[in-house]
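These are my notebook entries on a ligand site and two residues looked up in turn.

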Amino acid sequence: MLELQTEEYLPLIAETELSDDDIILEITELKKKLKDELLILGHHYQHDDIIRFADVTGDSLALAKEAAKITKPYIIFCGVHFMAETADMLTSNSQQVILPDLRAGCSMADMAKDSDIEECWDFLTASTTEKIIPITYINCTASLKAFVGKNSGAICTSSNARKVIEWAFKEGQKLLFFPDQHLGRNTCFEMGVPLSEMVLYDPRKFNGGLTSEQIKKAKVILWYGYCSVHQGFTVSQIENVRKDHPNMKVIVHPECNFEVVRASDLNGSTSYIIDEITKAPSGSEFAVATEINLVNRLAQKFTDKKIISLSPYQCLCTTMYRVRPRWLLSAMRAIALKKPINVIKVSPDITKYSILALDRMMNI
Ligand code: CIZ
């Protein structure tokens, strides 16, 4: 391993001659050396060559809660930007949350921009006197979390969306759901809200493409956002699986579109998918519609079950994939020098209101 003495050691690993094997070796050594100061978190959608170094793996909320429990000064969050933000908000000021590659964003989170959200809120509140409760999926920017916190709303995850929406309907008459239209639509439909009472607010259009009359009539206003990985699954893929594997259950994430969820056998969050597959008897067969790294890992783990991706195409989360061992090593070298890089810090004001929205969710 190189000597950890000077800042010359810091240049991005991409600029060095290190081979992939050298990188893995050095991460392994640094992990031992930093064991008292560093926690590495790995989201389910990360590649195996990152997951192998994770102290804890899980979904975004589980990992953020894990970060909140520990007192180690450094947390490397192998996931995407909004996840590191949530972890920063739940940890103390003296702890530092690090995202190995700052380009690891989330296209769905980026679909709800602050100025568009304010414009939407002004239009909706001017269109109706009924109380609108804003709910956001946890997969969003910290500033959207703060917006819902400020406006009497709450955060939800894909596991508790139904409970949070039930709460919202007790608090107000209408729901504004950010940023994933599919999770909002699928959950509300399963709760008995007909599609005719849901409208789609598209921030690329004037007034979201809606009239005040439509807002008055609607019970649910869905934001036009989606996850490009989950939106890629199709009903014809389900039909093909049913033809080729008659005993196979189709299990999909609720970020998939409405038709796909309706045509599936089971739907739920990544934790739900993992639990269903784990508890299924030996010999069970599943076609899974979620990120490919998780599907492959499940297939490798449960060799007594047949597990395939619903899609024959590569359904990889490219932003998650930006976190490569090279960047993990860069982040670890910087910690070893006590000069952490890529530290994610959310402002106190945004944190205050986001925590309000998170707390509301926790109390529901
Ligand atoms: O919140 C997460 O971690 C994601 C991306 C999905 C889920 O269902 O857990």
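Entry 1, the ligand. I began with the surroundings of the ligand in this predicted model. I listed His 43, Tyr 45, Asp 59, Ser 60, Tyr 137, Asn 139, Ser 158, His 253, Ser 269 and Thr 270 as the residues around the ligand. I then looked up polar atoms beside the ligand's oxygen atoms. A polar side-chain atom of His 43 is 2.6 Å from a ligand oxygen atom. For Thr 270 I noted a side-chain N or O atom at 2.6 Å from an oxygen atom of the ligand. Ser 60 contributes a polar backbone atom, 2.7 Å from a ligand oxygen atom. I recorded that the ligand taken alone exposes 270 Å², of which the protein buries 96%. The ligand sits in the largest pocket.

Entry 2, Ser 158. I placed this residue, one of those around the ligand, in the loop between strand S6 (154-156) and helix H7 (161-171). Is Ser 158 buried or exposed? I classed Ser 158 as buried because its relative accessible area is 17%, under the 20% limit. Leaving out residues up to four places away in sequence, I found that Ser 158 touches Tyr 137, Leu 183, His 253, Pro 254 and Ser 269.

Entry 3, Asp 48. I located Asp 48 in helix H2 (residues 48-51). Its relative accessible area is 30%, so I entered Asp 48 as partly exposed. Which residues does Asp 48 touch, not counting those up to four places away in sequence? I noted Arg 297 and Gln 300. With Arg 297 the contact is polar, side chain to side chain, at 2.7 Å. I also checked Val 80, 32 residues from Asp 48 along the chain; their C-alpha atoms are separated by 16 Å.

Definitions and conventions
Residues numbered from 1 in each chain as written. Predicted model: local features only at pLDDT ≥ 70, side-chain atom pairs only at ≥ 80, totals over all residues. Heavy atoms only, no water. Helix = DSSP H or I, 4+ residues; strand = E, 2+ residues; numbered from the N terminus. Buried < 20%, exposed > 50% of the residue type's maximum accessible area, 1.4 Å probe, protein only. Contact = heavy atoms within 4.5 Å. Polar contact = N/O pair within 3.5 Å; in protein donor to acceptor, adjacent residues only side chain to side chain. Near = heavy atom within 4 Å. Areas by Shrake-Rupley, 256 points an atom, 1.4 Å probe, with all protein chains shown as cover. 1 Å grid on protein atoms, 1.4 Å probe; cavity = no way out; pocket = protein on both sides within 12 Å on 5 of 7 lines; lining within 4 Å. Sits in = over half its atoms within 2 Å of the grid points.
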